[in-house]
Each structure stands twice: as C-alpha cells, then as structure tokens.
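Let's take a walk through this structure together, one contact after another. Please keep the model open beside the text as you read.

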Amino acid sequence: MNASPPERQKNGRSRDRNLNLLKYYGIGASKGETRRPLDIDGDTFEPNKYFARILKEKPLNGLVKKDNELVTEIREIDGDMKTLVYENYSKFISATDTIRKMKSNVESMESEMANLNDNMNGISQQCTEIIDALGPNRDKIRRLTNVHNLLKRLQFIFDLPNRLSRCLSTGQYSQAVKYYSRATRLLNHYQHLSAFKGIERDCDTIMGKIKSKIWEDARNPESSLDTVSASMKLLRILQEDPRKLWKEFIQVQVARLDNTTNQKYDTLEDLDNKCLVLLNNTVDQFETLFLIASTNDEDADKVKCLDDDDILEAKNDLVQAMNPHVDKFFEKVSRYISLPSVMDRDQLLSQIHILSNLRESLSTHGQSLGRVMGTAERMNELTANWESTLIGGLMGTTTEKMKERLDRLDEFKLNSLQSITEHRDVLGEFIIETGTWIVQHVQNSCLEPLRDLMNATAAAKNDEGQSQFTVRVRESLRTMWNDILEIIDGSNGCDRSAARLIVGSRLYYDLSEQGISQIYACVSKELNKDNNSTMDQIISADAQEIMDTFSRKGQSLLDEETMQEGYTLSSLIEKEYLRPHRPIDVLKQVSGVWQSMFDRVRYLEQLMETVYPQSTSPDVGAETSDTEYEYRFGSGSAAGGTSEGLYTRPTQSSHSLTTASSETPGEPSGLGIMPKFGYDMTVNMMSNIDKLFADRVDIYRHVEPTPLGVCTGLLRILLKAFHETVRQMRLKHNDYQQLQVDSEYLRLILWPYTQKDNKWMGNMLQEIVSSAYMRCEVPTPMDPEELEMILSKYIPNN
C-alpha cells in the first residue's frame, strides 16, 4: 500500500536528517562514487555550476521561487541539526547516570554474594556432621521396619479365619474375597510350615461356603443385573472357570430378558427405558466381565485375562443368545415406524420424528449393543428399508394414478370417425393435462415429503448416508418410469387398440421432451443443494437415459400401430384377391377391399390429427382443413354411384382420367400405369431400368409422428402386400383387367400421401400391373374410355 503524503514527507525528512548527520560527523561517500556536480544533496555538489544552470533555465520569478525554497530548507536543516545536538546531549547525560547507578549496585551485590557463600559453607558442614552421627543406626532402623511389616502380615494371616467367618455371617462376601485374595500369595509361600497349613485349611473351608453363597446369588433369577455381575466378578477373582461363568451369566440374563422383550410398550419412551437400556446393560456387563480388561478397577490385577480364542467363543455365545431379543426389539421398533397405505404430511413428519428419536436413543443408550451386536448397522439398514419403502410408496402413487387416468380413454370409445370428432377437444385436453399432471404430482406429492425427510435427517447423516439416500431416490424414480412405460404401453394385458397405442406414443414423446427433464431438474435441486458437479452429471445422465427410452418407446408404438394395421389390412387384400371364384361383374367397380382400407386410413388420419395436431408437428406446416380433407377422400359412396366420389380434383380441365393421372403433381412425366393405346412392353422395360437405379426403400422403416407419416407408412405396407399377393395369383382375362382398375384407382387416390415416396409409389403400381401382365394367360388391357367410365364413379371430372 502506498504511503500517504504526510508519511512520505516524514520519511523524506528522516533521510535528510541522516544525510546531515553523515556530513556532520565527516562520514563521506566511497571513493569510487560517480561525481554529480548538480546534485545539491550530493558530496560532489558544485555551487557555481548549479547556479549557472538554474540561471540559464529559469526565469526571474522561477529564481525568486527557488531562492525562497532554499532559504526555507536551510532554516529547517539548521533546526534539525540543533535538535539532533540536544537529543545527543540528553542521551549522553542519561547514559552517564545509568552507568553511575549500575556501579553502585554492583558494589553492594558483591558483598551480599560473599555473605551467601559463607552461609552455604556452614550449612554443608552441619549436614556432614548429622550424616556421620546417624549413619550407624540407619541400617538397623530399616531391618526393624521390615520385621514390623512381616509381623503385621503374619498377624493378618493368623486373624484371617476369624475375619472370613465374620464376613460369612454378615454377608460381606466381597470383603471376604478381598481378604482372601490378599493372603493367598503369603499362604502359598509358607504352606510348607505346619502352622500355616491349619490356617490355610480353615480359610479354604470358609471360602468354600462363601463361594457357594456367591453362586446362589449369581444364579438367583430374582437378583438384579448389578448383583449378578458383582457375583460373577468375585467368582472370577476366585479363579473359577471363565467358560462356566459366562454360560451361567448368559443363561440367567436370557431368562430375565424373556420377560422384558415379550412385554407390550405403549410409548417409545417405555421401549427405550425398559427394553433398550436392559439389553445394553446386559451386553455392557458381559463385555466388562469377559471381553475387555478393565484398567480402572482396583481388582483388575487379580482377574486373569482370557486369551483371544476364549474371548471370541464368549462373544459368539453372547451374540447367539442375544440375537432373538435384539430381533424382538427391532420388531417393536418397526411397528412404531410402519408406514400407512395413505399418508399425509403430518403423519410423515411424526414418523420422521420417531425415527430420529430411535436413532438418538441407540447412539446414547445402546453403545455396547452397537459394539457387540452391531445394532447401529441394523438401525441403518432399518432406516434404509424404511426410506426405500417411503420413496417407493410415494413414487408408486404416480403409477397408480397414471393407470387411473389412462383407463379414462376407454370412456371415449375412439373406435369410429364420429367418436373421434365428438371427443377431439376432450382428447387433446386429456393429453396435455396428463403431461402437466405427472410433473405437478411428482413435485408436490413425492418430492416435497422427501424434502421434509432430508431436512429432518440432514444432521444425522454423513456424506455416505446422503449418497445412499440419493441412490434410493434415483432407483425409485427409475422404477416409477419403468412402471409408467408398462402402463402406457399396455403390455400387461391391457387394451392395445389403435387409439391406445397412438395416444400412448404421444404421451411418451411429451414426457421425453418436457416432463422428464422438469422432474429431474427438481430432483437435482432438492438432492444437490451443495452444487456438486458429479451429482449433477449423474442425475443428468439418468434423465437423458429415461428420455431416450421414452422417445424410442414413442416411436416403437407408432411403428407397432402401423405394422398392426398393415398386417390386418394385408390379410384382407389376400383374402380378396386369392379367393377361388371371383365374380365376373366386379369389373364394373373398384374392389371392395380398397373401400374398407381407405375408411381405415381415414380413421387413422383423423385420430393422428387429433393426437398429433399439425401445428405441433415438425414436418407439417399447418393443420389440414376440412376442404383439403374432402379433396383427399370426398364424402360420397362408391357403391351408390353419386356424383361426389372419394377423390375430387380441385382444378383439372382434362377430359381423360389417364391423361389427368399423368399430370398428377409430383409424379414423373411419362410414367403411366395404363397407357392410352394398350399395353406397351417398353413401359415394363423402362420400369425395370428404373428399379435398377432406384434407391432401396425400407417398407418397415420408422414412421414419422405425423398424420401423413403414419398413413404413408401404412400405405407402403399395403402396396407391398398387394404386390406380393398379385405374384401368387393365377390370372385370367377378367382378373388382369380388375387389377388395372384397382391399380389406376390407387394411383389417383394415393397421391396426397406420396409427397416423399411419389416415384416409389408409381413404380410399385407399375410393377404390380407388369407382374399381372406376365402372369395372365391372355393379357388384354382395358379400353381407356371404359376405365374412365368406371373410375368416374369414384373420381369424377370437374
């Protein structure tokens, strides 16, 4: 940081003062210093040159100003030099006074140190005299002290039987064991003396009685846990078999726990205070007695530690005996946190509070249970299962309600054009509302309760626990989406009608484009409050995978519907053309199968326009108008012979259907199915040449999610089926002419759907007629005027 102007001025004065001192004391610059005659502060300053320069460079007013500055600086330097002299004089005076005081203090200190040295010499001489005087008696005193202590021990041994008898009569068994354990080493040391043998025999007899009393207390089912533990500790001090002791301890305590864990507890506090505390104390006492060595107990050195094998065996016996009671405890815990089938927010918060209290109780009152029985891991597992059940139940409500909503489709009964027209608006609203509903339901009914759970358990969970919770939410979401896939798909035996499949595909596409991403955005916001980039990537990957699955499924349903309709109508075509005896008067009209086929196509187009409106389609610019729809199909009946047919050309001035057909928009010029003057072999040859250079057309490729895309895909299948059917026919004269009528009719009626496959459609129809010509015994083409008269019933001239 730069210094302020006052500070810079102060620093500059300090430097000037130092330079003045150097000059004053004659401390000059080094000999090799460069000469600077114009530097007024330098040692090599030359006044004449400096004066000549400023006189040359500065005007009169500049010289006056410079003179004033020099006068001011001279005065300041004089003041600073006087100040320095005064300060140095005062420091010299202070130093002189300090030296004088130090000299006087040192003179008195030398006399005091001499006196101290004399005193220390006197003390040292007196200590030497005392040691020399008491030295001969010190060893004697030590020997007498040892004899006194031995006599006290012997007196304790002689009085031991009486002490033990008094303890036996008064029930002070712990005191008796303490006395006996203190005397055991001495009795063993002097057991070869006859006087001590009688004492040892009397003590063993009395201790046998005391040991029996201790065993009675240890095995008494009415004894408290502390009494049993104290008795077991005394028996361990008396060197009883540890294996026998821990088995007796387990047997007594298990009998006590049977009465405790089988009781019913009305509140969680009772379960904590009466059941959990007793279980933990039982394990804690066993652990202290047999599993770990106590360092704070004064009798710890009197108890022999178990080896590792015995400790492992004792722990396994305890775990095996305690597991049923721990299981009962967790069964009771499970009843307190069992989730109802229908849960509101208050119930959920209550359950979360109970779960939090149980976790805190186990950490506070169940530490020994956690170390030996692994109750902490079991509680974590129980919590994980509870959370999984809760999350799965919340997400399961989405699939249940989704199934109920899709069942409403059956109420619409979308099996006819009239029904589609009547329910067009309702069906559109149903599709939009379903996509909006699922997002709102997951946000409000699923994620909000999970947010409450996360806020309540955030303090108790570490990073690993939070990560596991996130994994459970992700798995439940994935399960929910898979269930919704199956429900919409209807693969579990539900209705698989055209309406169900097409509406299902629209729902798949809507969820793929918007719903899934919105839901996972909310999930990421709730689960990743720390803005962890790795977590964002994982959730984004899940969302992308689900969206891709739904998008593929939407396409799959459209393809399935197209294939299903194609197979159904293809069977009708085969049935129509492969029947043994076809009526001769069929030549007067188009085959009836094509009327049924185009009724079905018209139904699918209306259904697709309702489910996939043209305004939302990426491939079609505007919704089809009523005029355009009648322009495609018309509204009259072919059988009735009315003037309004299935096809009405809006602006056509030609006088021949065959001539008009060659002018059909989008169709290549010169390609005719029915030439004006009979069948020409060059047409067949040109068709074969076109096939050689034409691109391969996949009949069963994916259809576009638009009305035109589905209808075009269906018509590709039907034309292919028509071609294959013709190849199986044994044709006569009338059959060949009937195929000419049907093919010309199809060419005229299909052109609205052949915007992209126009050339392929024309080549396929040409190939059908060519194939029929090759298989007919007497292939006589129909007269164009007769053909025009037949088709005029369906496609009249304007």
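Helices here are DSSP runs of H or I with at least four residues, numbered from the N terminus. Thr562 is placed in one of them, helix H18. Keep in mind throughout that this is a predicted model.

Thr562 makes a good starting point. Is Thr562 buried or exposed? With a relative accessibility of 4%, Thr562 counts as buried, because the cut-off for buried is under 20%. Its side chain reaches the backbone oxygen of Leu558 at a distance of 2.9 Å. Leaving aside residues up to four places away in sequence, Thr562 touches Val703, Val710, Gly713, Leu714 and Ile717.

Helix H18 also takes part in an aromatic pair. The ring centres of Tyr508 and Phe550 are 5.5 Å apart and their planes stand at 80 degrees, so this pair is edge-to-face. Tyr508 belongs to helix H17 (residues 498-527) and Phe550 to helix H18, so the pair links distant parts of the chain, 42 residues apart. How accessible are the two partners? Tyr508 is buried, at a relative accessible area of 0%, and Phe550 is buried too, at 1%.

Staying with helix H18, we come to a charged pair. Asp489 forms a salt bridge with Lys553, and the closest N and O atoms are 3.4 Å apart. Asp489 lies in helix H16 (residues 463-489) and Lys553 in helix H18 (residues 533-577), so this salt bridge ties together parts 64 residues apart in sequence. Asp489 is buried, with a relative accessible area of 6%, whereas Lys553 is partly exposed at 25%. Elsewhere, Arg474, Arg478, Asp542 and Glu545 are linked in a network of salt bridges.

Side chains of opposite charge can pair when their charged atoms come close. How many salt bridges does a search of the whole structure find? The search finds 22. Two further examples are worth a visit.

One of them is the salt bridge between Asp327 and Arg378, whose side chains meet at 2.6 Å, N to O. Asp327 sits in helix H9 (residues 308-336) and Arg378 in helix H12 (residues 375-407), so the pair ties together parts that are 51 residues apart in sequence. Asp327 is partly exposed, with a relative accessible area of 31%, and Arg378 counts as partly exposed at 28%.

The other stays inside a single helix. Asp97 forms a salt bridge with Arg100, with the closest N and O atoms 3.0 Å apart. Both residues lie in helix H3 (residues 60-170), 3 residues apart, which is about one turn of the helix. Asp97 counts as partly exposed, at 33% relative accessibility. Arg100, at 52%, counts as exposed, because the cut-off for exposed is over 50%.

Now back to the rings. The count of aromatic pairs comes to 13. Among them, Trp246 and Phe290 form an edge-to-face pair, 6.3 Å centre to centre and with 80 degrees between the planes. This pair links distant parts of the chain: Trp246 is in helix H7 (residues 242-261) and Phe290 in helix H8 (residues 268-291), 44 residues apart. Trp246 counts as buried at 0% relative accessibility, and Phe290 counts as buried at 2%. Which residues form one aromatic cluster with these two? Phe249 and Phe286 do, together with Trp246 and Phe290.

Rings can have charged neighbours as well, and this model offers examples. The charged end of Lys244 sits over the ring of Trp215, 4.9 Å from its centre. In a similar arrangement, the charged end of Arg163 sits over the ring of Tyr179, 5.4 Å from the ring centre.

We can finish with a check on helix geometry. What span should the 18 residues of helix H25 (residues 758-775) have at 1.5 Å a residue? The expected span is 1.5 Å times one less than the number of residues, so helix H25 should span 26 Å, and its end C-alpha atoms are indeed 26 Å apart, which agrees. Helix H25 is also mostly covered, with 14 of its 18 residues buried.

Definitions and conventions: Residues are numbered from 1 along each chain as its sequence is written. This is a predicted model: local features need pLDDT of at least 70, side-chain atom pairs count only at pLDDT 80 or more; totals for chains, interfaces and linings use all residues. Side-chain values use heavy atoms; hydrogens and water are left out. Helices (H or I, at least four residues) and strands (E, at least two) are DSSP runs, numbered from the N terminus. Buried means under 20% relative accessible area, exposed over 50%, partly exposed in between (1.4 Å probe, protein chains only). A salt bridge is a side-chain nitrogen of Lys or Arg within 4 Å of a carboxyl oxygen of Asp or Glu. Rings of Phe, Tyr and Trp (its six-membered ring) pair if their centres lie within 6.5 Å; planes under 30 degrees apart count as stacked, over 60 as edge-to-face and the rest as tilted. A charge sits over a ring if NZ of Lys or CZ of Arg is within 6 Å of the ring centre and within 35 degrees of the ring normal. A polar contact is a pair of N or O atoms within 3.5 Å; within protein, one must be able to donate a hydrogen and the other to accept it, and residues adjacent in sequence count only if both atoms are side-chain atoms. Contact means heavy atoms within 4.5 Å.
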